[in-house]
Amino acid sequence: MNWSGLESLLSGVNKYSTAFGKIWLSMVFVFRVLVFVVAAQRVWGDESKDFVCNTRQPGCTNVCYDHFFPISHIRLWALQLIFVTCPSLMVMAHVKFREDKDKKYVESHQGSHLYANPGKKRGGLWWTYLLSLVFKAGFDISFLYIVYLIYDGYDLPKVSKCARDPCPNTVDCFISRPTEKKIFMLFMVISSALCIFMCICEMVYLIGKRLVKKFKVRHENERIMFADRHELTNMAPPRSLYRKTDPTLANSQLSLSKKAKSRDIGATTTL
């Protein structure tokens with residue numbers, strides 16, 4: 001499978017992602033895709049060939065192997081990685097749609113743009129981005145639950161009992177390198193759980209940021225409406241009517257200033 005093509009395709013999502021989204025994408029490629037390509041395929045490459053049961057009954061080993069491994073770990077993890085990374089393409093497709101729409105708008109409206117920034121997470125793109133996070137977390141949770149059901153709580157026993165037809169009786173079956181395979185399975189489960197946690201953090205961040213922004217806009221609108229409805233009037237005369245008294249003046253000078261004020265008041269009354 002060409003994982004490098006998928007990596008180059010999803011790397012374009014980074015410029016539209018938040019900090020949590022960038023961390024999620026790094027975790028997917030470093031702890032999941034890289035481990036899957038480099039190590040997991042080699043560890044699980046011998047699961048069918050080295051599965052042995054202590055019987056020579058034809059078909060018994062194949063039936064027991066199909067019972068214990070209804071789907072290969074490698075193929076299940078590959079499907080999980082494909083399903084988890086595909087929702088990010090929804091965001092890229094939406095941004096591409098906006099760019100094409102803006103290009104047509106520019107051509108028909110003499111250079112004016114429909115979107116100042118087509119990659120800005122506003123309007124429909126915000127909902128598309130949030131929906132992609134829901135899909136990514138949902139797919140990871142679904143695959144973790146499937147693995148839990150198939151392998152009895154993420155466990156790989158060293159010896160398994162099998163009594164299915166055409167086995168003549170209950171036979172013991174042995175998995176090659178069960179401890180190593182269990183460690184890799186737990187590692188993939190933990191990395192999936194961390195990716196789910198990052199998706200939840202990003203959803204909380206996006207919703208919280210949206211709510212705070214709406215609250216600020218609403219508060220600002222209420223403040224403007226209150227100011228328009230209750231225009232403030234001057235409740236006191238202007239400051240120019242008050243004459244401040246210099247505290248450094250002597251008492252004689254204060255009395256002279258008071259007399260001057262009284263003369264001014266008398267002159268205004270005679271007029």
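1. Let's start with a single residue, Asp155. Its relative accessibility is 31%, so Asp155 counts as partly exposed. The cut-offs behind that label are worth keeping at hand: buried is under 20%, exposed is over 50%, and partly exposed is in between. Keep in mind too that this is a predicted model.

2. What does the side chain of Asp155 meet in a salt bridge? The partner is Lys182, with 3.1 Å from N to O. This pair ties together distant parts of the chain: Asp155 sits in the loop between α6 and β2, Lys182 sits in helix α7, and 27 residues separate them. Lys182 has a relative accessible area of 30%, so Lys182 is partly exposed.

3. How many salt bridges does the structure hold? There are five, and the Lys182 and Asp155 pair is one we have just met. Another joins the side chains of Lys161 and Asp172, at 2.6 Å from N to O. Here too distant parts of the chain are linked, with Lys161 in strand β2 and Asp172 in strand β3, eleven residues apart. Lys161 has a relative accessible area of 58%, and because exposed means over 50%, Lys161 gets the label exposed.

4. Next, have a look at Arg177, found in the loop between β3 and α7 (178-229). Its phi is positive, about 50 degrees, although Arg177 is not a glycine. Arg177 also forms a salt bridge with Glu180, where the closest N and O atoms are 3.5 Å apart. Is Arg177 buried, partly exposed or exposed? With a relative accessibility of 38%, Arg177 is partly exposed. The partner, Glu180, comes out at 31%, so Glu180 is partly exposed as well.

5. Now step back to the whole chain. It has eight helices and three strands. If you walk along the sequence, the order is α-α-β-α-α-α-α-β-β-α-α. Of the 271 residues, 32% count as buried.

6. On to the inside. The largest nonpolar core has 53 residues. Those with the most contacts inside this core are Trp24, Phe51, Cys64, Phe69, Trp77, Val171 and Cys173. Which elements give two or more residues to the core? They are α2 (19-43), α3 (60-68), α4 (73-85), α5, α6, β3 and α7. Helix α7 gives the largest share, ten residues.

7. Cys64 is a good core residue to click on. Cys64 belongs to helix α3. Why does Cys64 count as buried? Its relative accessibility is 0%, and buried means under 20%.

8. From Cys64 you can hop to Pro166. The two are 102 residues apart in sequence, yet 9.6 Å apart in space, C-alpha to C-alpha. Pro166 lies in the loop between β2 (159-162) and β3 (171-174). The bond to check there is the one joining Asp165 and Pro166: this peptide bond is cis, with omega at about 10 degrees.

9. Nonpolar residues turn up on the surface too. Val30, Phe31, Leu34, Val37, Val38 and Phe187 make a nonpolar surface patch of about 490 Å². Which element gives the largest share of the patch? That is α2, with five residues. Take Val37 as an example from helix α2: at 35% relative accessibility, Val37 counts as partly exposed.

10. Last, a patch of charge. Lys120, Arg122, Lys209, Lys213 and Lys214 gather on the surface in a patch of positive charge. Where does Arg122 lie? Arg122 is in the loop between α5 (87-108) and α6 (124-150). Its relative accessibility is 49%, and since exposed means over 50%, Arg122 counts as partly exposed.

Conventions:
Residues are numbered from 1 along each chain as its sequence is written. This is a predicted model: local features need pLDDT of at least 70, side-chain atom pairs count only at pLDDT 80 or more; totals for chains, interfaces and linings use all residues. Side-chain values use heavy atoms; hydrogens and water are left out. Patches are made of residues with over 30% relative accessible area and no salt bridge: like charges are joined within 9 Å, nonpolar side chains (Val, Leu, Ile, Met, Phe, Trp, Tyr) within 5 Å. Accessible areas come from the Shrake-Rupley method with a 1.4 Å probe; for residues, only the protein chains shown count as cover. A salt bridge is a side-chain nitrogen of Lys or Arg within 4 Å of a carboxyl oxygen of Asp or Glu. Lys and Arg count as positive and Asp and Glu as negative; His and the chain ends are not counted. The place of a charge is taken as NZ of Lys, CZ of Arg, CG of Asp or CD of Glu. Helices (H or I, at least four residues) and strands (E, at least two) are DSSP runs, numbered from the N terminus. Buried means under 20% relative accessible area, exposed over 50%, partly exposed in between (1.4 Å probe, protein chains only). A nonpolar core is a set of buried Ala, Val, Leu, Ile, Met, Phe, Trp, Tyr and Cys residues joined through side-chain atoms within 4.5 Å.
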